[in-house]
Amino acid sequence: MASSNEPFTQAANSWDLETLYSDLSSVKGKRLTPVEKRHLRGLLCGFSPAEIAEKLGKNGKGVETDLCATVYRYVKSLLDKSDEKLENWRNISEWLDDAGYKNQSIKVPGLDLSPDKTIVNVTNINIDKNQLVIGIKVCIPTSENPDSLEDELNNLDNYKNN
């Protein structure tokens with residue numbers, strides 16, 4: 001995962017970066033460099049090569065050349081699209097989305113499923129008949145102004161103790 005001071009870290013909110021990095025590294029034959037990861041994240045955030053270059057303080061043609069020699073080639077190989085022409089830099093994120101690298105999000109009216117608002121608590125772990133059994137309690141706010149997380153945790157503790 002990219003550190004918080006790295007550019008384009010918001011890509012991790014929508015994309016399975018660890019799997020993508022791993023799969024692209026397999027195609028490359030070695031780990032992706034930090035620059036390759038940065039450029040890829042920029043594309044996944046919807047930035048053009050010129051915008052990526054601007055945000056990184058680099059030459060636009062240099063970033064485009066780097067992308068052609070690295071990320072574009074790796075993605076095309078990974079997705080078996082080596083014979084296809086890359087019409088536009090947006091093809092990269094579209095292809096990766098179609099291949100399942102984008103995180104699946106569920107939109108439910110009235111529910112806020114964001115990680116900072118949802119509480120998951122393991123209530124019990126035991127072994128029963130050679131199976132690991134894990135009890136999980138999930139609290140998801142159901143209104144625009146949910147109780148504070150602290151209140152939700154208190155409710156969860158009360159539930160566990162009853």
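**Briefing: a helical core and a β hairpin**

Strand β1 (residues 119–128) runs antiparallel to β2, and the two pair over 9 bridges. Keep in mind that this is a predicted model. Away from that hairpin, there's a nonpolar core to look at, with 27 residues in the largest one. Helices α1, α2, α3, α4, α5 and α6 each put at least two residues into this core.

**The hairpin**

- Just 2 residues sit between the strands of the β1 and β2 hairpin, and Lys129 takes a positive phi near 55 degrees there.
- Looking across the pair, Ile119 stands opposite Cys139 in β2.
- Lys137 also belongs to β2, which covers residues 131–139.
- Ile119 and Lys137 are 18 residues apart along the chain, and their C-alpha atoms are separated by 8.0 Å.
- Is Lys137 buried or exposed? Neither, quite: with a relative accessible area of 22%, Lys137 counts as partly exposed, because buried means under 20% and exposed means over 50%.

**Helix α5 and its surroundings**

- Helix α5 takes in residues 71–78, and its buried residues are Val71, Tyr72, Tyr74, Val75 and Lys76.
- Which helices do those buried residues pack against? The list is α1 (17–28), α2 (34–44), α3 (49–56), α4 (60–69) and α6 (90–98).
- Just past the end of α5, Asp80 has a positive phi of about 55 degrees.

**How α2 meets α5**

- Two packed helices are described by the angle between their axes and the distance between the axes.
- For α2 and α5, the packing angle is about 75 degrees and the axes are 10 Å apart.
- That angle makes α2 roughly perpendicular to α5, because 65 to 115 degrees counts as roughly perpendicular.
- On the α2 side the contact is made by Glu36, Leu40 and Leu43, while α5 brings Val71, Tyr72 and Tyr74.
- By residue type, this contact of α2 with α5 splits into 5 nonpolar, no polar and 1 charged.

**Who's busiest in the core**

- Which residues touch the most other members of the largest nonpolar core? They are Leu40, Leu43, Leu44, Val75, Ile92 and Leu96.
- Leu40 is worth clicking on: leaving aside neighbours within four places in sequence, Leu40 is in contact with Leu20, Tyr21, Leu24, Val71 and Leu96.
- Val75 turns up twice, as one of the buried residues of α5 and among the core residues that touch the most other members.

Technical notes:
Residues are numbered from 1 along each chain as its sequence is written. This is a predicted model: local features need pLDDT of at least 70, side-chain atom pairs count only at pLDDT 80 or more; totals for chains, interfaces and linings use all residues. Side-chain values use heavy atoms; hydrogens and water are left out. Buried means under 20% relative accessible area, exposed over 50%, partly exposed in between (1.4 Å probe, protein chains only). Helices (H or I, at least four residues) and strands (E, at least two) are DSSP runs, numbered from the N terminus. Contact means heavy atoms within 4.5 Å. Axes are lines fitted to C-alpha atoms, for helices over the stretch in contact, and angles run from 0 to 180 degrees between N-to-C directions. Angles under 35 degrees count as roughly parallel, over 145 as roughly antiparallel, 65 to 115 as roughly perpendicular and the rest as oblique. Ala, Val, Leu, Ile, Met, Phe, Trp, Tyr, Cys and Pro count as nonpolar, Asp, Glu, Lys and Arg as charged, and the others, Gly among them, as polar. Two strands pair if DSSP finds at least two bridges between them. A nonpolar core is a set of buried Ala, Val, Leu, Ile, Met, Phe, Trp, Tyr and Cys residues joined through side-chain atoms within 4.5 Å.
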